[in-house]
Amino acid sequence: MLVTILGRYSPYAPVGGACPGILVQSGGVNLLLDGGNGTVPRLQQQVAAADLTAVLVSHLHPDHTADLHSLQYLMAHQAPDRAPLPVYAPDVENPDRHWLEPSSFGSRWIRVLPLPVDEGITFGHVRVTFARTDHPEPCWAMRISDGSKTLVYTADTGTGVDLAPFAAGADLLIAESTFIVANGQNRRGHLLAGEAADLARRAGVKRLLLFHFSPSTPIADAEAEARAVFPAAEAAVEMRTYLI
């Protein structure tokens, strides 16, 4: 399984960065997890439009969805003969959902479907299950397994939901680490880097990637805070591909 970090910042990206987006690849299955500002140009460097299997949206906040509206045009221009790309998103009331819906032009290439949060979903040999997180907007973490390796992506969450059982034994945990102690006093619905590390420790995962940084969070400080709790922690690097 290959995991490429397309963007790691929220709620906006600093110069040269991008908001949350992750490409997961395994045996011909290519899944995009979220698609915040700046992720679609980077996606095109990694996979052909015709080969993108599906998009999975954790929640409807714009920093995770802003680039997804443009996928209809990408598909029309670069993969005009493919079947409509399925975009699975939470089936909740939110005015931001309209950003996912295709225009009359784009409905030939994009199909928005409910995220199957209860039953999970399978793409070939890849199985994805979901767990509700602690976030003001309804949000779901994802556990992705290809029968050999397992990735868990927390999406946005605070400490009000214990995701350790859901993440148990994962080969790689990508955990939101928006803040550190110094800047995280008002972190409702988000984690400190040390809290992400504590989740990794309790879940018994093999490796932790810190993700979803506020631009005000010093990355080196986040790594130090996390490694004091869970030594196998590091900051996710944009446009780096990790082999699980």
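Two strands pair if DSSP finds at least two bridges between them. Keep that in mind for this tour of a predicted model.

**Stop 1: a parallel pair**

Select residues 172–176, strand E11, and residues 208–211, strand E12. These two strands run in the parallel sense and share four bridges. Now click on Leu 173. Its bridge partner in E12 is Leu 208.

**Stop 2: the whole sheet**

Widen the selection to the open sheet of seven strands. Read across it in the order E7-E8-E9-E10-E11-E12-E13. The pairing is mixed. Strand E7 (121–123) and strand E13 (233–235) are the edge strands, each pairing on one side only. Look at how the strands turn: neighbours in this sheet are rotated by 20° against each other on average, direction ignored.

**Stop 3: two helices on the sheet**

Add residues 193–203, helix H5. H5 packs on the sheet and touches E11 and E12. Its direction makes about 150° with that of E12. Next, add residues 219–227, helix H6. H6 also packs on the sheet, touching E12 and E13. The direction of H6 makes about 170° with that of E13.

**Stop 4: helix H3 and its cover**

Move to residues 71–78, helix H3. Which residues of H3 are buried? They are Leu 71, Gln 72, Leu 74, Met 75 and Ala 76. Show what covers them: the cover includes helix H1 (39–43), strand E4 (54–56), strand E5 (85–89) and strand E6 (110–114).

**Stop 5: Thr 4**

Go to strand E1, residues 2–7, and pick Thr 4. Is Thr 4 buried or exposed? Its relative accessibility is 0%, so Thr 4 counts as buried. Show its contacts beyond four places in sequence. Thr 4 touches Gly 21, Ile 22, Leu 23 and Gln 25, among others. Gln 46 is on the list too, as are Met 239, Arg 240 and Thr 241.

**Stop 6: the cavity**

How many cavities of 30 Å³ or more does a search of the whole structure find? The search finds one. About 30 Å³ of space lies in the largest cavity. To see its lining, select Met 1, Val 24, Gln 25, Ser 26, Val 29, Leu 31, Val 126 and Ile 144. Strand E2 (21–26) and strand E3 (29–33) each supply at least two of the lining residues. E2 gives the most, with three. Colour the lining by class: six residues are nonpolar, two are polar and none is charged. Gln 25 makes a link back to the previous stop, as one of the residues that Thr 4 touches.

Definitions and conventions: Residues are numbered from 1 along each chain as its sequence is written. This is a predicted model: local features need pLDDT of at least 70, side-chain atom pairs count only at pLDDT 80 or more; totals for chains, interfaces and linings use all residues. Side-chain values use heavy atoms; hydrogens and water are left out. Axes are lines fitted to C-alpha atoms, for helices over the stretch in contact, and angles run from 0 to 180 degrees between N-to-C directions. Contact means heavy atoms within 4.5 Å. Buried means under 20% relative accessible area, exposed over 50%, partly exposed in between (1.4 Å probe, protein chains only). On a 1 Å grid over the protein atoms alone, a cavity is a set of points where a 1.4 Å probe fits but cannot get out, and a pocket is an open set with protein on both sides within 12 Å along at least five of seven lines; lining residues have an atom within 4 Å of a point. Grid points are joined across faces, edges and corners, and a volume is the space filled by probe spheres set on the points. Ala, Val, Leu, Ile, Met, Phe, Trp, Tyr, Cys and Pro count as nonpolar, Asp, Glu, Lys and Arg as charged, and the others, Gly among them, as polar.
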